[in-house]
Amino acid sequence: MSKKVVAMSETAFYILLSLTTERHGYGIMQHVESMTESRIKLGAGTIYGTLGKMEKNGLVKSTKEEDKRKYYVITEEGRDALEYEVSRLRELYENGMKIISKGECKK
Amino acid sequence: MNKSQFESITKKMKIKENHAFVKVSFWVHQYEEEERFLEAMAAQGWRFEKLYKGVPTKYEFVKVEPKEVTYQLDYVKTKEDTSDYHQLFLDAGWTEERQWPAFGGHWYYFVKEGKGDRIYTDNESRYELSKKLCGIYGILMLLCMLIELNAVRSALGLAINHNVVSICGILFMICIIPFLAVAIFAGYTCVAIFLKMRDMKRKRDNRA
């Protein structure tokens, strides 16, 4: 990945994760809501804008349009970005757990 | 929008049979205040019906049962205005109640029953909307300034060459006024959105 690497937003992460299967915007919304047990409800404007940006950046591509609904799927580059993010999160998690499990966090 | 703000807006509300008319102008960067205003009207049983261009803008409402609703305004550039955008909002439960043509695109008024739903659920996309608006009104301002400068130059040229203030010169000067008004409007809007963006950024940085 040549692009500048920054932490992915929760929105971007869950949209990419949803698009490992081909889905349309509303499908992503429902999938994210059920995956996070209603913790994250993505707004229509947020999904629309993020998909447009991701398509421009080559992280996702649109596959077809059916009944006015545009379908998307993750690209190779998007998968790389997702994998990188998961490994970054793993590092965060493991470093955090090292401290917490030692009880150094407790007062 | 608090109660006293709402009361001051609706103080001069005119009621004709089952229609109400309210004159109030919201600046572009105040679109969230406009949403809260329409929600407060709906809660009192006034459904938003029509919008009349002008200064101030006139809103028409129809008497219905009081209802708890959420309004969300979105600005879409013409080239982004595609059928899948409208379908997605429809799928998500939003009714497109009204549209309002604006420079370079449209404002859409979305409404949904109940409270709390938002069309922008993260800071990034809220910020993007402001960025888009700032760009649009920046271009509008520059365009008006350009036309204006040209008109002033032409008018001055005429006045100097003919040594008198010609009819053409006066006409040019009159033409300048609406462009100046739009330029000031666009300029003010642009600055206001810019300040809003700075505020958003600061809040985001504080949290990080």
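Over all chains, the structure holds 18 salt bridges. It is a predicted model, with an ipTM of 0.87 and a pTM of 0.86. In chain B the average pLDDT is 88, and 96% of the residues score at least 70.

**A salt bridge in chain A**

Side chains of opposite charge can pair when their charged atoms come close. One salt bridge joins E10(A) and R39(A), whose closest N and O atoms are 3.3 Å apart. The two residues lie in distant parts of the chain, 29 residues apart: E10(A) belongs to helix 1 (residues 10-18) of chain A, while R39(A) sits in the loop between helix 2 (25-35) and helix 3 of chain A. The loop between helix 2 and helix 3 of chain A also contains E37(A). The backbone of E37(A) has a phi near 50 degrees, a positive value in a residue other than glycine.

**Fold and sheet of chain A**

Chain A contains four helices and three strands. Along the sequence these elements succeed one another in the pattern α-β-α-α-β-β-α. The C-alpha trace of chain A spans about 55 × 35 × 20 Å along its principal axes.

The three strands of chain A form an open sheet with antiparallel pairing and the order 1-3-2. Its edges are strand 1 (23-24) and strand 2 (60-66) of chain A, each of which pairs on one side only. Strand 1 of chain A is joined to strand 3 (residues 69-74) of chain A by two bridges, and this pair runs antiparallel. Within strand 3 of chain A, Y71(A) is the residue opposite H24(A).

Helices from both chains pack on this sheet. From chain A, helix 3 (residues 44-56) touches strand 2 and strand 3 of chain A, and its direction makes about 120 degrees with that of strand 2 of chain A. From chain B, helix 3 (residues 83-91) likewise packs on the sheet and touches strand 2 and strand 3 of chain A. The direction of this chain B helix makes about 90 degrees with that of strand 3 of chain A.

**Sheet of chain B**

Chain B has an open sheet of four strands, again with antiparallel pairing, in the order 1-2-4-3. Strand 1 (14-16) and strand 3 (46-52) of chain B are the edge strands, each pairing on one side only. On average, neighbouring strands of the sheet are turned by 25 degrees against each other, direction ignored. Helix 2 (residues 31-43) of chain B packs on this sheet, where it touches strand 2 (19-23), strand 3 and strand 4 of chain B. The direction of helix 2 of chain B makes about 25 degrees with that of strand 4 of chain B.

Strand 4 of chain B has bridges to two partners. With strand 3 of chain B, strand 4 (residues 58-63) of chain B pairs in the antiparallel sense over six bridges. Strand 2 of chain B is joined to strand 4 of chain B by five bridges, also in an antiparallel arrangement. The table lists residues placed opposite one another in these pairings.

| Residue | Partner in strand 4 of chain B |
|---|---|
| H19(B) | V62(B) |
| W46(B) | K63(B) |
| L51(B) | Y59(B) |

The hairpin of strand 3 and strand 4 of chain B has five residues between the strands, and G54(B) takes a positive phi near 150 degrees there. The loop between strand 3 and strand 4 of chain B also holds P56(B). The peptide bond leading from V55(B) to P56(B) is cis, with omega near -5 degrees.

**A nonpolar patch on chain B**

On the surface of chain B, F103(B), I139(B), L143(B), I147(B) and F179(B) make a nonpolar patch of about 410 Å². Helix 4 (residues 123-162) of chain B gives the most to this patch, contributing three residues. One of the patch residues found in helix 4 of chain B is I139(B).

How values were computed
Residues are numbered from 1 along each chain as its sequence is written. Chains are lettered from A and ligands numbered from 1 in the order in which they are written. This is a predicted model: local features need pLDDT of at least 70, side-chain atom pairs count only at pLDDT 80 or more; totals for chains, interfaces and linings use all residues. Side-chain values use heavy atoms; hydrogens and water are left out. Two strands pair if DSSP finds at least two bridges between them. Contact means heavy atoms within 4.5 Å. Axes are lines fitted to C-alpha atoms, for helices over the stretch in contact, and angles run from 0 to 180 degrees between N-to-C directions. Patches are made of residues with over 30% relative accessible area and no salt bridge: like charges are joined within 9 Å, nonpolar side chains (Val, Leu, Ile, Met, Phe, Trp, Tyr) within 5 Å. Accessible areas come from the Shrake-Rupley method with a 1.4 Å probe; for residues, only the protein chains shown count as cover. A salt bridge is a side-chain nitrogen of Lys or Arg within 4 Å of a carboxyl oxygen of Asp or Glu. pLDDT is the predictor's confidence in each residue, from 0 to 100.
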